Amino acid sequence: MPSESNISDTEKNITVFEGSHPLLVNEPTSVERDILESLYYVKGKTTDLATVHDWYWAVAFTVRCRLMKNWIETLHHLTEKKGKIVGYLSAEFLIGPSLGNALINMGAYNEFEEATRKLGLDLRQLIDKEEEPGLGNGGLGRLAACFMDSLTTLRVPAIGYGIRYEYGLFDQHIRDGWQVEVTDKWLKYGNPWEIERPELTFSVKLGGHTESHTDKNGNYIVKWIPNVEVKGVAYDTVIPGFKSSTANILRLWKSEAIESFDFGAFNQGDYFKAVEEKISSENIGKVLYPNDEREQGKRLRLSQQYFFVSCSIQDALRMHEIRGLAIKDFPDSMAFQLNDTHPAIAVAELMRILVDEKGLAWNLAWEITTKTFSYTNHTLLPEALEKWPLRLFGSLLPRHLEIIFEINARFLAEVGMSHPNNEMLWRRLSIIDEEGARYVRMAHLACIGSHTVNGVSALHSELLKKEVMRDFYDLSPGKFTNITNGVTPRRWLRLYNPELSNLISEKIGDGWITKMEDELIALEKFADDTEFQMRWRDVRRNHKNAFVKYLSRKDLADLDPNSIFDIMVKRIHEYKRQHLNVLHIIHLYNQIKRDPGAFMVPRAFVFGGKAAPGYYMAKLIIRLIHGVGEVVNHDRDVDGRLKVVFYPDFSVKSSEWVYRAADLSEQISTAGKEASGTGNMKFALNGALCIGTLDGANIEIRESVGPENFFSFGLTVDDIRDLRQKGYQPYELYQNDPDIKEIIDRIQSGDFSRGDKSLFKPFVDSLLGYDPYFVLQDFRSYADCQQRVSTSFTDILSWTSMSILNVARSGKFSSDRSIREYCKRIWNVKTGR
C-alpha cells in the first residue's frame, strides 16, 4: 500500500464534483488525481484504508470514465437514421480481463503505469487482481470477443448480445490427478466495467399454450398464453477499439422475476413461496452451459437461449423505432449474426413478433427475417449441431413450435416443387427430424432463416458444402461462403507480448496493429538478419524464463528453459487428441528406459484445458497426463530430458504466459473435425512453430507461413474417408507396430496409475476397439514429425528464422481482416477505418 508521504499532498487536492466532470486527459498527474477521486467517491476509501482490490477498482473506474465520451457518442449514433448496426448474437463472450486491454486500446498504458507508480502501486499487480469474466468457455466465446474488438477498432457500430451469467463454466482444480469443478464466482467482488440499465428491461414468456381465432377481416390471429414470464435487465459493458473514436456495447441480459417478492405469501408464513418466483427466474442466468444430460438441464439451456435472443430482438426493434424507421426497413438498420446454433431460435422469435405483435403478413415478415439474419457454423461434429426433443420444445415454446412447423411446411413445399418425388431429400432438409424420437434441428432453422451461411476456415466451409449441409448447398449454393477466423493483435501480441511487439514496431512501425494483414509481412526481410535474430531470441528466452518462474511459484514444475517448450492448451476433447500427444511422450520415455544414455533433445510438455463435467473420457485423459507426469518427472533415468506439466484452469488471463513462451504449438486434431481453431493463430503470432494436421485453419496457416516452416503430419480428410470405407482395424496396428504395443502395454500395466491396471481400461479399449479419432493410425507419422522438430530445434539460426517468418506471414489471421470480410460480403456495412 502507498505510504502517507507518497500521497498526502495529492490527496488533499481531490475535487468535489458539483457539476459535470472536467475534461479527462491521459497525463500522469491528472490520472493520479482521478484515481484518488475514484477511490474516494466510488469505493468510499482513503489511501490508508484501501486494499489492493480497492485500488484496482479505483484504476478501473478511472479508465472507464475516460471511455465514456466515445461510448456516449456511439450511443447517440445508434439512434440516428443513417447506418446499419451489427447485432452479434452469441451465447459466449470470453472477453478476458478488461483493464490492460482498455489501456492498450486507449494508448494510455504508460501514463497509467507512471501514475500508479507515483501512488506507490504496481499497475501489473492491479491488472492481475482482475477476475476473468465467466462469460465463455472456449474458442467460440473468444472469437466473439475478438470480433467485438475489431468491430470497434474498425469503427463499425455494433452491439454484442448475450447472457450475464452469474457463475462461469467452472474453476478447474486438480486433485490426485483428476479434474474437480469448483464454482466460478467471478462476480463475487462486483464488476467495475458494467453499467446496469434497470430502465431497459423486456418481458420474456415461457411455457403455456396458444389460442387462435380468425378476426372480422379474415386474419388468423394467435395469442400465446404463457405459464411463466421473466424479466431481462440490460447490463452494458464498454468495448474500446484501438485508438478509435467508437466504443461499442456488450449488452448482457440478467434474468429476474417480474415480481420478486410475494408479500401475501410471506404474511401467511409461506416464506419459500414468497421468493419462489425470484429463485426460479434467476436460475436462467445462473450458470454458463448447465449440464444438459437430464431433461431439466436441457430445459434450462433452451430457456437460456430463448431468453437472451428474445431480449436482444426486442431491444433491436426498440432502437429501430427510436430511429423512426418503418418496420419493412429493419434489415437496412440491423444485421444480426448468429454465432453458431445457440441463438438460432432468433429466426422463429423475430417471426413471432412481426406476425403476432406487429401484425405483418407472413410473407413480408419472412422477407424481413431472412434479410436480417446470417449464420456462422462452427462445428462439423454431429452432436454439436443442436437439436431439441419436440415434446420439450413445444412445452417451453409452444408458439415458436407452431411457427417452425409453418416455416418448415412452406420450405418443404418449395423443395417439393423443384425436387418432386424425393422424399428422402425432404426428410434430410426438414427442420423436424422424424427419425425415431422427433427433434427440432436448430442448424436447419438457422440455415433456412438466414440469407448467408459461412464456415470459419476454407476446409470447414468445403466440408459444410460437401457433407454437413450438402443438401442445403445444392439447393442454394450462392448462400454459402467462407470467412476464415482471426484473432485480435491488440490483446494477443500488443498487450500480452509487449517486448516482441515493441521489437516488431521498432523495425516496421506500429501500423501493423490495425493493418496486420498488410504490414506485418514487412518483418519478413529481417528473418535472416543476425542482429535481429539475436534480439528475437533474447525476447523469447526471457519469456521462457519468466514462464519457468511463474510455474515454479505455483509449485507446478521446474522446467529447463533450454528445452523445447511443447505446448498444447485447448478444451479437452478426444477429437483434439491430447492423448496422441501423451502417447508420444510415453514413446520418448520408453526410448530412455531402453537406453538411458542415449541423446535426446530435452522437452517440456505443457497441457492446459478443461473437460466438460459430464465427459468422462476427457477427464480420463487429464488423469493420464498427470499419471505420466508423475512417473516421468521423477524418474532418474530421464534426468530432466522430459517434463510433463498440466497447467490448471487455463483461461484468457493465464494464457498470457503460455502463448509467448511456446516453441512448439500442438494443433493435432483429427482431419475434418476442427472447424478452424484460433489457438493456432495466437501461437503463430507470438513466434511458435506449429506441428499440426491438415485440419481447420492449419491448412491456411501452412500455406501462409510456408510448408517449410510448418511441421505437418497425418491423415487428410480424404485419407480418413478412404480408410473408413476399407474398414479401420486399430488392433492390427497394436499387433504390428512394436512401439505402439509397448506404449499401450505400459499404460495397461498400471505404471501410470500407481499399479491400478483397470483405471485406464476404458481409454485403452476405445483405442484398440474402434479408435474413432484415428489416434493409432496417425501415431507413426506424428512421432516421425516430432523427430524432425527435435532436429530442427538444434539449428538455432534456422529455428529463429522460421519463428520470425511465422509472425511475419500471420497477417491474414487478424480478426480485423475477418470483420472487413463480414462487413463487405455479408452485412453490407461500411467500415470507418
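This is a short tour of a predicted model, going from a sheet to a helix pair and then to one loop residue. Local features here need pLDDT of at least 70 and side-chain atom pairs count only at pLDDT 80 or more, while totals for chains, interfaces and linings use all residues. Residues are numbered from 1 along each chain as its sequence is written, and side-chain values use heavy atoms, with hydrogens and water left out.

**The sheet**

Start by selecting the nine strands of the open, mixed sheet, in the order β5-β8-β9-β2-β1-β10-β11-β15-β16. Strands are DSSP runs (E, at least two residues) and helices likewise (H or I, at least four), numbered from the N terminus; two strands pair if DSSP finds at least two bridges between them. The edges are β5 (194-206) and β16 (480-482), each paired on one side only. From one strand to the next the twist averages 25 degrees.

At the β16 edge, select β15 (residues 453-455): three bridges join β15 to β16 in parallel, and V453 has F480 as its bridge partner.

Next, select β2. Six of its six residues are buried, that is, under 20% relative accessible area (1.4 Å probe, protein chains only). In a regular strand the side chains alternate between the two faces of the sheet. Here A158, G160 and G162 point one way and I159, Y161 and I163 the other. β2 runs parallel to β1, joined by four bridges, with V86 partnered by A158. β2 also pairs in the parallel sense with β9, over five bridges, and G162 stands opposite L252 there.

**The helix pair**

Move to α24 (residues 578-594) and α33 (residues 775-793), whose axes come within 10 Å and cross at roughly 55 degrees. Axes are lines fitted to C-alpha atoms, for helices over the stretch in contact, and angles run from 0 to 180 degrees between N-to-C directions. The two helices are therefore oblique to each other (not under 35, over 145 or 65 to 115 degrees). To see the contact (heavy atoms within 4.5 Å), show H579, L580, N581, L583, H584 and H587 of α24 with V775, L776, F779, Y782, A783 and Q786 of α33.

**The loop residue**

Finally, select K243, in the loop between β8 (228-240) and β9 (247-257). Is K243 buried or exposed? At 47% relative accessibility, K243 counts as partly exposed, the class between buried and exposed (over 50%). Beyond neighbours within four places in sequence, K243 is in contact with N105, R155 and R833. For scale, the C-alpha atoms of K243 and I448 are separated by 39 Å.
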